[in-house]
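I opened the notebook today to look up how charged side chains pair up in this model. Here is what I wrote down as I went along.

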Amino acid sequence: MSNFKNKNSFNKVVLDIKNLEIQGATNIAIAAVKSLKFILSDFSKIESKSNSKSNSKPNKLISELKNAKKKLFKSRPTEPMLRNALNYVLSDVDKYAMDETDKLILRLNHRIDQALEIISKGKLEISKIGSKKIKKNMVVFTHCHSKSVVDILLLAKSKGKKFEVHNTETRPRYQGRKTAKELASHGIKVTHYVDSAARLALKKADLFLIGADAITVEGKVINKIGSELFAEVAKRYQIPIYVCTHSWKFDPQTIFGFEEPIELRSESEVWPDKPKNVKIQNFAFEQVDPDLISGVITELGIYKPESLVEELKSRNKFMF
Ligand code: RI2
């Protein structure tokens with residue numbers, strides 16, 4: 001990209017996603033789709049400068065976009081929503097290789113706006129459906145920071161529902177603190193626990209809400225490390241577990257036998273000055289077995305994990 005500023009801006013988004021400055025699967029997908037606009041605006045400038053060749057072919061633009069997609073895909077490996085959102089914008093870009101560049105730029109900007117609108121409307125639907133699960137005087141347990149879960153709780157609060165939240169700090173990046181701060185700032189009573197005290201929190205809970213980073217064809221939900229551990233405990237105390245997520249978290253590649261990669265993050269995130277001969281395993285996520293999940297709250301409605309995949313095949317055809 002010729003415009004150094006925009007190239008920096010695109011690369012900064014990739015870095016911010018990688019180091020969790022931009023956190024949460026939905027926010028990551030939104031930031032990735034928006035970052036394509038930096039590339040398109042560079043090419044618009046080139047086009048307007050060389051307006052003598054206004055019918056230039058977009059092959060350079062198309063290859064820049066494909067490189068950008070690869071960089072964004074690599075920024076966090078367990079994020080099918082990022083991949084699905086970028087594919088929604090770019091999957092048929094080769095079809096327009098004979099278009100004029102400026103026409104393709106217009107088309108892609110429109111496609112980006114459509115993707116952002118689908119995600120935004122989906123977030124609202126998830127909040128509306130999920131907030132109905134919050135009953136008066138409930139204790140809700142949650143882990144990590146899921147904007148989908150937080151938005152459900154904030155909407156329930158705005159409807160005058162009285163409930164409290166018990167949540168875990170979520171080592172090593174402490175995303176649970178983000179949840180606690182956000183909920184408390186809206187007047188929701190929050191009790192915060194270290195991760196290893198989650199059983200004490202769950203014993204008091206009526207409902208367990210978590211987000212998701214990925215859903216596989218088998219209906220497995222991949223979410224922050226600790227989710228399956230806490231789901232096992234919740235099962236023991238017969239606490240219903242609902243996953244709150246946009247349907248674009250489904251990974252269509254898992255239909256063809258691909259395993260969703262589980263991101264392994266740096267040892268230094270856990271113990272910066274660890275002894276040389278100590279190995280640290282810092283998996284960001286783990287799989288939650290579909291049998292432990294009461295339902296998946298999506299913008300399409302609430303489904304058992306396995307039946308969600310069938311619904312997706314008819315509703316999100318661009319993925320298949
Ligand atoms: P929303 C987060 O991962 C958590 O695992 C959270 O449950 C999930 O993304 C979904 O978040 P990280 O970015 O899409 O903290 O619901 O590694 O915001």
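Entry one. I started with lysine 103 and glutamate 100, whose side chains meet in a salt bridge at 3.1 Å, N to O. Keep in mind, friend, that this is a predicted model. I then looked up how open the two partners are. Lysine 103 has 48% relative accessibility, so it counts as partly exposed, the upper limit for that class being 50%. Glutamate 100 is partly exposed too, with a relative accessible area of 26%.

Entry two. Which residues are joined into one network by salt bridges that share partners? I found Arg76, Arg173, Glu263, Arg265 and Glu269. I took a further look at arginine 76, which sits in the loop between helix 3 (59–75) and helix 4 (80–90). Is arginine 76 buried or exposed? Its relative accessible area is 3%, so I noted arginine 76 as buried, the cut-off being under 20%. I also found a polar contact of 2.8 Å between the side chains of arginine 76 and glutamate 263.

Entry three. How many salt bridges does a search of the whole structure find? I got 21. One of them joins the side chains of aspartate 113 and lysine 37, at 2.9 Å from N to O. Aspartate 113 belongs to helix 5 (residues 101–131) and lysine 37 to helix 2 (residues 25–49), so this pair ties together parts that are 76 residues apart in sequence. I checked exposure here as well: aspartate 113 is partly exposed at a relative accessible area of 39%, and lysine 37 is partly exposed at 29% relative accessibility.

Entry four. I moved on to aspartate 99, which forms a salt bridge with arginine 107. The closest N and O atoms of that pair are 3.5 Å apart. For arginine 107 I noted 37% relative accessibility, which counts as partly exposed.

Entry five. I finished with charge on the surface. Which residues gather in a patch of positive charge there? I listed Arg199, Lys203, Lys204 and Arg236. Of these I followed up arginine 199, which I placed in helix 8 (residues 198–203). Arginine 199 has 38% relative accessibility and so counts as partly exposed. A patch takes residues with over 30% relative accessible area and no salt bridge, so the 38% of arginine 199 is on the right side of that limit.

Definitions and conventions. Residues numbered from 1 in each chain as written. Predicted model: local features only at pLDDT ≥ 70, side-chain atom pairs only at ≥ 80, totals over all residues. Heavy atoms only, no water. Patch = residues over 30% accessible without salt bridge, like charges linked within 9 Å, V, L, I, M, F, W, Y side chains within 5 Å. Areas by Shrake-Rupley, 256 points an atom, 1.4 Å probe, with all protein chains shown as cover. Salt bridge = Lys/Arg side-chain N within 4 Å of Asp/Glu carboxyl O. Lys, Arg positive; Asp, Glu negative; His and termini not counted. Charge placed at Lys NZ, Arg CZ, Asp CG, Glu CD. Helix = DSSP H or I, 4+ residues; strand = E, 2+ residues; numbered from the N terminus. Buried < 20%, exposed > 50% of the residue type's maximum accessible area, 1.4 Å probe, protein only. Polar contact = N/O pair within 3.5 Å; in protein donor to acceptor, adjacent residues only side chain to side chain.
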